[in-house]
Amino acid sequence: MQIEQRLTEAVIAAIKALYGAEVTQQQVQLSTTKKEFEGHLTLVVFPFLKISKKKPEQTAEEIGIYLVEQLPEVVSKYNVIKGFLNLTIADQCWLQLLADINADENYGLKPVTEESPLVMIEYSSPNTNKPLHLGHVRNNLLGWALSRVMEANGNRVVRTNIVNDRGIHICKSMLAWLKWGNGETPESSGKKGDHLIGDYYVAFDKHYREEVSQLKEQLVLSGLSAEEAEEKAKQEAPLIKEAHDMLVRWEQGDKEVRALWQRMNEWVYAGFDETYKALGVGFDKIYYESQTYLEGKSKVMEGLDKGLFYRRADGSVWADLTAEGLDEKLLLRADGTSVYMTQDIGTAKLRYEDYPIDKMIYVVGNEQNYHFQVLSILLDKLGFKWGKDLVHFSYGMVELPNGKMKSREGTVVDADDLIATMIADAREMSKDKTAKLTNLTEPEAAEIARIVGLGALKYFILKVDARKNMLFNPEESIDFNGNTGPFIQYTYARIRSILRKATDNGQGDNCQRSIAKSQLNDKEIQLVQRLAAFGTAVRQAGTDYNVSVIANYCYDLAKDYNTFYHDFPILREENEALRNMRLMLSAAVAKVIKLGMGLLGIEVPERM
């Protein structure tokens with residue numbers, strides 16, 4: 001049992017014995033003692049003053065005496081500062097906690113059973129007309145990490161993706177390929193499929209802008225204002241008319257258009273899969289808007305029949321949400337075509353049929369906050385039990401410093417370029433460190449660079465509260481000092497090196513029996529106390545939907561260990577019991593770092 005839990009139960013018993021009153025666990029407030037005071041854990045006694053009918057100091061004193069007398073194996077001494085009772089935890093209690101942490105392979109993680117709540121998490125949501133970019137990187141990393149954190153909190157998790165594979169933007173790439181592609185394929189070009197299609201989307205835009213510019217000049221000469229001419233040119237340009245015609249043919253099921261659409265989408269999906277694999281993320285189920293939009297239209301019509309929605313004179317269908325303090329929301333256009341909200345309703349319908357969902361979490365940028373506020377209300381009206389309580393995991397924008405790693409389009413940062421650059425930078429930055437490693441083969445050095453480069457990218461993005469906009473600085477992220485992924489990874493690799501040397505030297509045998517003779521210093525107790533807080537960090541990350549809690553916990557743990565490592569010998573310690581205790585402490589830190597970083601989807605190298 002955790003020390004805090006034992007103390008909480010003891011405080012409840014103390015209040016009952018001293019004052020004849022019952023208190024709840026929520027009323028027992030324990031926190032880490034401030035550095036300027038003696039002690040490890042502090043109890044706030046103010047909630048008990050109405051019960052004790054005594055001054056804060058006297059109440060704290062009486063509880064302190066009770067705890068030392070009744071729980072000497074946990075509380076060795078205490079001191080009182082006004083209404084705060086500072087408790088010093090006995091060495092043997094810390095040692096037992098350390099042994100317990102070492103014995104539990106999944107320390108801090110709750111088990112998942114068949115009865116666990118089922119949480120579905122949607123993330124990624126790409127368009128099939130372009131490759132994944134930096135914004136998708138943040139989305140995927142957040143979604144994957146959140147799924148791991150929810151599992152660590154005892155939930156069954158289904159990871160889903162909704163692919164935007166229909167619409168005018170898809171037709172633009174298709175039309176451009178037909179006009180200028182000359183039959184080019186990923187195989188013939190040597191390009192990833194998503195990059196190839198993205199290039200044709202850019203090509204369409206280039207030719208379309210040229211057409212608009214030429215047509216605008218003609219319209220201005222005919223007497224239209226510049227603004228009127230530009231607006232009309234955008235609508236009348238031959239390319240956009242052809243794209244709209246292709247979209248109509250797609251909607252009508254034209255065999256040629258559908259065959260081309262399917263072929264080009266397959267190229268894109270193969271490219272996406274490569275990027276997902278490189279990022280270390282995946283999905284249990286992928287939905288496609290081409291399959292969900294008709295379901296959405298059907299569900300909207302069902303709501304219309306039930307009087308939940310209404311039809312305007314032009315034939316469009318709307319939801320009146322003014323009673324909920326919002327506005328009126330379009331669900332079907334006058335021509336019967338769907339909007340994004342309709343598609344999301346259809347996707348929800350299919351998901352609910354596929355899985356008995358208890359909670360639905362959407363990982364989508366904060367520009368869609370209003371959309372999900374509306375979606376929650378609509379799904380609830382339509383009878384989805386999780387609709388009212390759906391979670392929009394809203395995150396801010398991520399950008400790079402100007403001029404760094406611009407993509408082939410010059411406007412967005414390509415995910416593949418970013419990944420490749422991070423790995424190359426990691427290889428360059430770690431040359432000095434890996435050069436010291438003996439018997440390191442070229443493939444092993446490349447694997448270390450991959451782990452460190454991706455670790456730097458993932459950690460730098462995930463350590464920031466997702467709700468905030470952030471600036472991703474590649475150079476800063478790959479630093480081996482400070483609050484970075486490589487710093488934590490290097491700490492883990494250092495510990496693994498120490499443990500290997502201890503094994504080679506025959507040290508550390510029978511640790512469990514000999515550490516009982518140890519006495520812990522303040523730095524060691526601080527480390528055990530930090531280890532003990534891992535489960536609390538996991539719970540908080542799950543409750544708040546905030547994976548940065550885990551990232552910053554891992555940094556604090558690594559920082560504490562490096563301070564300890566700098567100040568105290570481990571393998572050179574002559575006292576066997578003390579050496580064994582420090583080896584066990586090191587092993588526990590390594591294990592929790594690996595568990596914590598694993599929740600973020602970050603690997604840790606055995607050597608570095």
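In the predicted model, Leu43 has Leu85 of strand β4 as its bridge partner. Strands β2 and β4 are antiparallel and are joined over four bridges. Leu43 also stands opposite Leu30; the pairing of β1 (residues 29-32) with β2 is likewise antiparallel, over four bridges. Strand β2 is covered on both faces. Leu41 and Leu43 are buried on one side, and Thr42 and Val44 are buried on the other.

Helix α3 (residues 56-70) contains 15 residues. From the first C-alpha to the last, α3 reaches 21 Å, close to the 21 Å expected at 1.5 Å a residue. The buried residues of α3 are Thr59, Ala60, Glu62, Ile63, Gly64, Tyr66 and Leu67. Among the elements that cover these buried residues are the strands β2 (41-44), β3 (75-81) and β4 (84-89). The cover also includes the helices α1 (3-19) and α2 (49-52).

A further set of strands forms an open, five-stranded sheet with parallel pairing, in the order β7-β6-β5-β11-β12. Strands β7 (285-288) and β12 (391-395) lie at the edges, each pairing on one side only. From one strand to the next, the twist averages 25°. Strand β6 (residues 156-163) runs parallel to β7 and is joined to β7 by four bridges. Within this pair, Asn161 has Ile286 of β7 as its bridge partner. Helix α12 (residues 289-305) packs on the sheet, where α12 touches β6 and β7. The direction of α12 makes about 65° with that of β7.

In soluble globular proteins, nonpolar side chains tend to be buried together. The largest nonpolar core of the model comprises 159 residues. Within this core, Leu457, Phe472 and Leu600 touch the most other members. Helix α24 (residues 576-599) supplies the largest share of the core, with 13 residues. With neighbours within four places in sequence left aside, the contacts of Phe472 include Leu457, which is also one of the three core members named above. The other contacts of Phe472 are Val398, Glu399, Leu400, Pro401, Leu418, Met422, Phe460, Ile461 and Ser477. A second core, separate from the largest, has 30 residues. Val300, Phe309, Val317 and Phe384 are among the members of this second core.

Methods:
Residues numbered from 1 in each chain as written. Predicted model: local features only at pLDDT ≥ 70, side-chain atom pairs only at ≥ 80, totals over all residues. Heavy atoms only, no water. Core = buried A, V, L, I, M, F, W, Y, C linked by side-chain atoms within 4.5 Å. Buried < 20%, exposed > 50% of the residue type's maximum accessible area, 1.4 Å probe, protein only. Helix = DSSP H or I, 4+ residues; strand = E, 2+ residues; numbered from the N terminus. Contact = heavy atoms within 4.5 Å. Pairing = 2+ DSSP bridges. Axes fitted to C-alpha atoms, helices over the stretch in contact; angles between N-to-C directions. Expected span 1.5 Å × (residues − 1).
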